[in-house]
Amino acid sequence: EKEEIIKEIIRNPLNGLEITEDDNFFITAISLDNAYNVRPQAGLKQAEIVYETLVEGNITRLLAIYDSYTKVDKIGPVRSARNYFIDWAEEYQGLYMHVGGSPQSLNIIDTFDFINIDQIGSDEIYFWRDNNYMIPHNVFTSSANYLRAGELKEINFLNNLKSWNFKEGDEGENIYDIIIDFSNDYYKVEWKYNNSL
């Protein structure tokens, strides 16, 4: 009698795609600028998940989520931490990269369950400044930098991270266009669903 071997399929918790068994898989969250004069941001289209939220001054900022399989030469401009960004970053239990932060977020950031990578301080080595941009919109990083940070900081790989629930096919109401008006025409967002991917 032949014994049947059942191989568990390991899925990327961000996109549901099958991945090889790899202990080095981890997730990085990066605070990004969304000023109208820095668009398009470097590396944003390679992010698996993007959060956009209103911050002070009726502008929005982004939190981009990458996995350690994604190769991106330049990501940014990287901006400061906010309380809501660190709440969302903690859900992924990986790295959180930023440039300083609000006093409220910096007072509590070390109590969160991620590895904090702040450009202001000893973690400056994981970032660079691009002189083609004006301060404070000129700080960038890359996947090579977050991979190195994960290695040197001895990140815990994919511990108890819960995956999104993925389903095959198209169920329920089809919504292909969503418009969010955050504050003014510079921060009016239109999302279009591309089902060809």
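A residue counts as buried here when its relative accessible area is under 20%. Keep that cut-off in mind as we walk through this predicted model: of the chain's 197 residues, 43% are buried by that standard. As for the outside, the accessible surface adds up to about 12500 Å², and carbon and sulfur atoms supply 48% of that.

Now for the layout. The chain has 3 helices and 11 strands. Start at the N terminus and you pass through β-β-β-β-β-α-β-α-β-β-β-α-β-β. How much of the contact network links residues 24 or more positions apart? Among contacts with a separation of 6 or more, such pairs make up 57%.

Next, have a look at the open sheet. It is built from 5 strands, lined up as β4-β5-β3-β6-β7, with mixed pairing. The edges belong to β4 (49-54) and β7 (115-118); each has a single partner strand, so one side of each has no neighbour in the sheet. Go from a strand to its neighbour and the average turn between them is 20°, ignoring direction.

Let's zoom in on the β7 edge. Its pairing with strand β6 (residues 95-98) is parallel and runs over 4 bridges. If you want a spot to find in the viewer, try Met97, whose bridge partner in β7 is Ile117.

Finally, what packs on this sheet? Helix α3, residues 143-152, does, and it touches β3 (27-32), β5 (60-67), β6 and β7. The direction of helix α3 makes about 130° with that of β6.

Note on methods:
Residues numbered from 1 in each chain as written. Predicted model: local features only at pLDDT ≥ 70, side-chain atom pairs only at ≥ 80, totals over all residues. Heavy atoms only, no water. Helix = DSSP H or I, 4+ residues; strand = E, 2+ residues; numbered from the N terminus. Buried < 20%, exposed > 50% of the residue type's maximum accessible area, 1.4 Å probe, protein only. Contact = heavy atoms within 4.5 Å. Areas by Shrake-Rupley, 256 points an atom, 1.4 Å probe, with all protein chains shown as cover. Pairing = 2+ DSSP bridges. Axes fitted to C-alpha atoms, helices over the stretch in contact; angles between N-to-C directions.
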